[in-house]
Amino acid sequence: MVAEYSFPTTILVGQGAGDAWINKINPNPQQHFLIVTDKTILSLGLCDWLTELLDGHQCQYSVFADIHANPIQEDVKKGVQVYSDSAATAIIAFGGGAAIDVAKAIKLELAYPGGIEQFQRDEQPWEQALQASIDCYAFPTTAGTGSEVGRSAVIILESQKDKTVLFHPQIIPDIAVLEPKLTQGLPQAITAATGIDALTHCLEAYLAPDIHPICDGIALQGMELVLQFLPRAYCDGDDLEAREKIQLAASMGAIAFQKGLGMVHSMAHPLSAYFNIHHGLANALVISQCLHFIEQQNLHADEHKKLHTLNDLFKGQECHQAVLSKTMANFVASLGISPGLNPHGVNQDDLPLLAEAAYRDPCTETNIIAVDQAQFLAVYKAVL
Ligand SMILES: [Zn+2]
């Protein structure tokens with residue numbers, strides 16, 4: 001059997017990554033960048049860092065920030081309009097997962113024959129090459145989703161009314177620029193939640209049953225970085241070394257999870273969709289009970305070994321316990337996250353709907369073991 005392993009893109013990481021990026025691409029005066037960002041980032045003045053960098057190199061740019069937190073197709077259309085009106089030649093995504101996903105979808109709309117509408121209609125559209133070459137660069141300002149190294153964009157399409165994953169290998173940003181300064185101002189709770197998301201990506205990718213030793217190695221190393229540096233970034237937001245390592249771990253998590261995710265994400269997705277709970281926090285709320293559930297099942301020796309391997313990564317830390325579920329509960333608590341869904345507006349009556357959605361979630365297919373709807377319900381009850 002032939003396995004195909006695809007690995008992503010150029011990553012520039014560290015203090016000064018912005019300067020390294022602009023020196024690397026060496027833009028000419030005809031270059032005009034469309035900056036895709038969001039209104040919060042604009043209002044915080046974070047984008048000034050980028051525009052100053054571009055001004056310093058006499059680059060032309062337009063800023064587009066009219067996007068939703070959960071991006072919709074209209075955002076993409078508006079962005080395409082700004083791109084065309086300003087005669088832009090390249091795209092810079094500057095923000096969290098939403099801005100990066102919109103930037104990638106703008107590229108798809110511009111470069112796929114027939115745009116996103118046709119993309120949706122075509123069979124295996126990812127096999128059709130994009131028509132135009134549009135450079136796209138990503139500057140993440142959070143450290144969690146890893147969209148900067150991903151080949152898909154999540155957009156709510158008019159025809160679907162639900163989040164749709166648009167996958168095409170050529171929409172991966174050409175360069176991901178991980179500048180730790182950009183995450184320096186993240187509030188403590190967001191640092192914790194997004195960091196746990198990165199951790200969960202690594203953990204679930206490692207546990208996913210598919211055989212992918214390259215992803216497994218990246219997942220383990222990514223987890224080590226989170227365990228070592230997330231507590232530091234949480235305690236001191238100005239610790240730029242810790243910020244840098246968490247950014248890198250977030251990218252590594254996203255690289256690893258091309259192997260698959262699992263039931264933590266299956267349970268987190270409906271919590272965000274129905275109760276607007278932050279994605280990373282939703283993972284944090286369910287992860288230890290998911291692990292406890294897995295530990296209780298009749299596991300094969302190699303599945304046991306995987307859980308032990310992950311638990312051993314915590315050795316030497318105060319949170320370390322004999323089993324991974326207990327260790328994880330301590331680790332999550334050490335980041336100021338209290339257990340329970342009740343405080344977030346979830347009641348007993350809501351659980352069957354959540355369990356049904358979790359069971360239908362695509363991540364369920366790649367969980368370490370099979371899970372049925374009744375089992376999802378039982379785990380939600382334990383988390384409540
Ligand atoms: Zn996630």
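The following exercises, each with a worked solution, concern a predicted model of a protein chain with a zinc ion.

**Exercise 1. The zinc site**

Identify the protein donors of the zinc ion, classify their geometry, and state which parts of the chain are tied together by Asp-197 and His-279.

*Solution.*

Step 1. The protein supplies a carboxylate oxygen (OD) from Asp-197 and the NE2 atoms of His-201, His-265 and His-279. These donors lie 2.1 to 2.2 Å from the zinc ion.

Step 2. Four donors count as tetrahedral if all angles lie between 85 and 135 degrees. Here the angles subtended at the zinc ion run from 87 to 169°, and the arrangement is therefore irregular.

Step 3. Read along the chain, the donors follow the spacing D-x3-H-x63-H-x13-H. Asp-197 belongs to helix H7 (residues 188–207) and His-279 to helix H11 (residues 279–296), so this pair ties together parts that are 82 residues apart in sequence.

Step 4. The two residues can also be placed by accessibility. Asp-197 has a relative accessible area of 3% and is buried, while His-279, at 24%, is partly exposed.

**Exercise 2. The surroundings of Ile-91 and Ser-86**

Determine whether Ile-91 is buried or exposed, do the same for Ser-86, and list the contacts of Ile-91 and of Ser-86.

*Solution.*

Step 1. Ile-91 is located in strand S4 (residues 90–95). Its relative accessibility is 0%; because buried means under 20%, Ile-91 is buried.

Step 2. Leaving aside residues up to four places away in sequence, Ile-91 touches Leu-34, Val-36, Tyr-83, Ala-103, Ile-106, Lys-107, Ile-134, Asp-135, Cys-136 and Tyr-137. Ser-62 is not in that list; the C-alpha atoms of Ile-91 and Ser-62, 29 residues apart along the chain, are separated by 9.7 Å.

Step 3. Ser-86 sits in the loop between helix H4 (73–85) and S4. With a relative accessible area of 18%, Ser-86 is buried, because the limit is under 20%.

Step 4. With residues up to four places away in sequence again set aside, Ser-86 touches His-32 and Ser-62.

**Exercise 3. The domain interface**

Describe how domain 1 and domain 2 meet, using their contacts, the area buried between them and the count of salt bridges.

*Solution.*

Step 1. The domain assignment gives domain 1 as 10–182 and domain 2 as 184–383. Taken over C-alpha atoms, the centres of the two domains are 27 Å apart.

Step 2. Contacts involve 19 residues of domain 1 and 19 residues of domain 2.

Step 3. About 1500 Å² is buried between domain 1 and domain 2, and carbon and sulfur atoms give 59% of this area. On the side of domain 1, Ala-143, Gly-144 and Pro-180 supply 33% of the area buried against domain 2, more than any other three residues.

Step 4. The count of salt bridges between domain 1 and domain 2 is zero.

**Exercise 4. Salt bridges within the chain**

State how many salt bridges the model contains, and analyse the pairs Asp-66 with Lys-39, Glu-244 with Lys-245, and Arg-360 with Glu-356.

*Solution.*

Step 1. The count comes to ten salt bridges.

Step 2. Asp-66 and Lys-39 form one of them, with their closest N and O atoms 3.2 Å apart. This pair links distant parts of the chain: Asp-66 is in the loop between strand S3 (60–64) and H4, whereas Lys-39 is in helix H2 (residues 39–43), 27 residues apart. Asp-66 is partly exposed at 28% relative accessible area, and Lys-39 is exposed at 51%.

Step 3. Lys-78 must be added to this description, as Lys-39, Asp-66 and Lys-78 are linked in a network of salt bridges.

Step 4. Glu-244 and Lys-245 meet through their side chains in a salt bridge of 3.7 Å, N to O. Glu-244 is buried at 17% relative accessibility, and Lys-245 is partly exposed at 21%.

Step 5. The side chains of Arg-360 and Glu-356 likewise form a salt bridge, at 3.7 Å from N to O. Both residues lie in helix H14 (residues 351–360); they are four residues apart and are therefore separated by about one helical turn. Arg-360 is exposed at 57% relative accessibility, whereas Glu-356 is partly exposed at 34%.

How values were computed
Residues numbered from 1 in each chain as written. Predicted model: local features only at pLDDT ≥ 70, side-chain atom pairs only at ≥ 80, totals over all residues. Heavy atoms only, no water. Donors = N, O, S within 2.8 Å, 3.2 Å for Na, K, Ca; no water. Tetrahedral: all angles 85-135°; square planar, octahedral: opposite > 155°, others 65-115°. Helix = DSSP H or I, 4+ residues; strand = E, 2+ residues; numbered from the N terminus. Buried < 20%, exposed > 50% of the residue type's maximum accessible area, 1.4 Å probe, protein only. Contact = heavy atoms within 4.5 Å. Domains from an automatic or database assignment. Buried area = accessible area lost by both parts, 1.4 Å probe. Salt bridge = Lys/Arg side-chain N within 4 Å of Asp/Glu carboxyl O.
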